[in-house]
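Hello,

I am passing a structure on to you, and it is shown just below. My notes on what turned up in it follow.

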Amino acid sequence: MNRSRDVQINEDVDFEALIQNKQLLKGLEQAGYARPSPIQLQAIPLGRLGVDLIAQAKSGTGKTVVFGVISLETVRAIGIHPQVLMVAPTREIAIQIRDVIRNLAKYTPGIRCEAFIGGTAHHSNAKLLKNCHIVVGTPGRLMALLHDHSLITRDIKLLVLDEADKLMSEVFGQQIQYINNQLPKKKQTLAFSATFTQELLDSFQNMMNQPQIVRLTTEVPELEEVQQYCKKISVEKQESESDYSQKLKVYKAKFEMVAELLSKIPFYQCMIFVNSVPRAVELSKWLTQEGWMSGHISGGLTQVQRMAVMEKMRDFKLRVLVCSDLIARGIDIDRVNLVINIDYPREIETYMHRVGRTGRFGK
Ligand SMILES: Nc1ncnc2c1ncn2[C@@H]1O[C@H](COP(=O)(O)OP(=O)(O)OP(=O)(O)O)[C@@H](O)[C@H]1O
């Protein structure tokens, strides 16, 4: 398969040149990873040295494998308390990371990785934490587990922050500081992001020790093989018409345009981003009536419902997923080759994340 330059390296290097651990190499091979991507080539050797690291690379270029490999090189299948803590901003990303780590660790006996997320039973977490070497979690749940002392941190040697720009933003920043304060001072910290700003760098000042920075793009990190188009929709406004009724008309016109695009563009799976949750629900229902295998996901659903929708999408039981920005980041669904934004996102970065749900690993 032809992949874009985003994920190709010029050097004649394979994973064996970066990693000695045979079991991990077998895990990588079984997962279908033959050669490292540019971010993997640069960040894995640095991370293995034990230094603090901030790594930035475009969406879908393999950042999870970077911290997956470094973590599996760090943990030992001994002791009953966690040794690695990974934090992700959404429950869906946390579950996805857990699955990638388990896959990579398939041939590494005795290593356990579990996800701890909000919306699931808290009481069963303490049991899961026993003998769990790699903990992946969302900030709120991790804080709760620290509060009630079920998450014992004394053996933690590595902290990973995925989607670090989001984790260090106003929404989660204080929670991350709190979590970090509960961890041993002597540990390695790795942070990953598709975007990079001076603000992000500053936010790590009191959390990292002279971090190494691996930054693969200095411009807007757009994906090379993803073609982007824009379609303007205009609806005439009657003089007596209210803004609300005009808005409804615009949405109706957008829905019809979506149906037209889905019929005209050949695609395997599509993600449609909508700013308003009620509109997302409405669009998904309407598309189902129109004969598309469609579902919707947003923070308005229960965790069980959210997981069921994601599973259906991954199992190809849905072709179209109408989404809020809940899953604009980090979600990796191989077959998604069409993304539609029916509203402009509120921030440029969000646009980039939404678009990055396709073209995964240079496809
Ligand atoms: N060396 C490799 N060879 C082939 N495929 C790979 C390799 N590394 C990662 N992948 C695949 O690339 C896809 C994207 O990886 P990943 O989700 O880690 O990207 P990311 O950089 O974290 O993206 P985002 O910024 O959107 O979170 C995954 O499907 C993964 O299986």
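**Where the ligand sits**

The ligand occupies the second largest pocket (on a 1 Å grid over the protein atoms alone, an open set of points with protein on both sides within 12 Å along at least five of seven lines; a molecule sits there if more than half of its atoms lie within 2 Å of its grid points). This is a predicted model, where local features need pLDDT of at least 70, side-chain atom pairs count only at pLDDT 80 or more, and totals for chains, interfaces and linings use all residues. Residues are numbered from 1 along each chain as its sequence is written, and side-chain values use heavy atoms, with hydrogens and water left out.

Around the ligand there are 18 residues (each with a heavy atom within 4 Å of it), and Y33, G60, K63, T64 and D332 are the closest. Domain 1 (5-215) and domain 2 (243-362) both contribute to this shell, so the ligand lies between them; the bounds come from an automatic or database domain assignment.

Oxygen atoms of the ligand lie 2.7 Å from a polar side-chain atom of Y33, 2.7 Å from a backbone N or O atom of G60 and 2.7 Å from a polar side-chain atom of T64 (polar contacts pair N or O atoms within 3.5 Å).

Best wishes

How values were computed. Polar contact = N/O pair within 3.5 Å; in protein donor to acceptor, adjacent residues only side chain to side chain. 1 Å grid on protein atoms, 1.4 Å probe; cavity = no way out; pocket = protein on both sides within 12 Å on 5 of 7 lines; lining within 4 Å.
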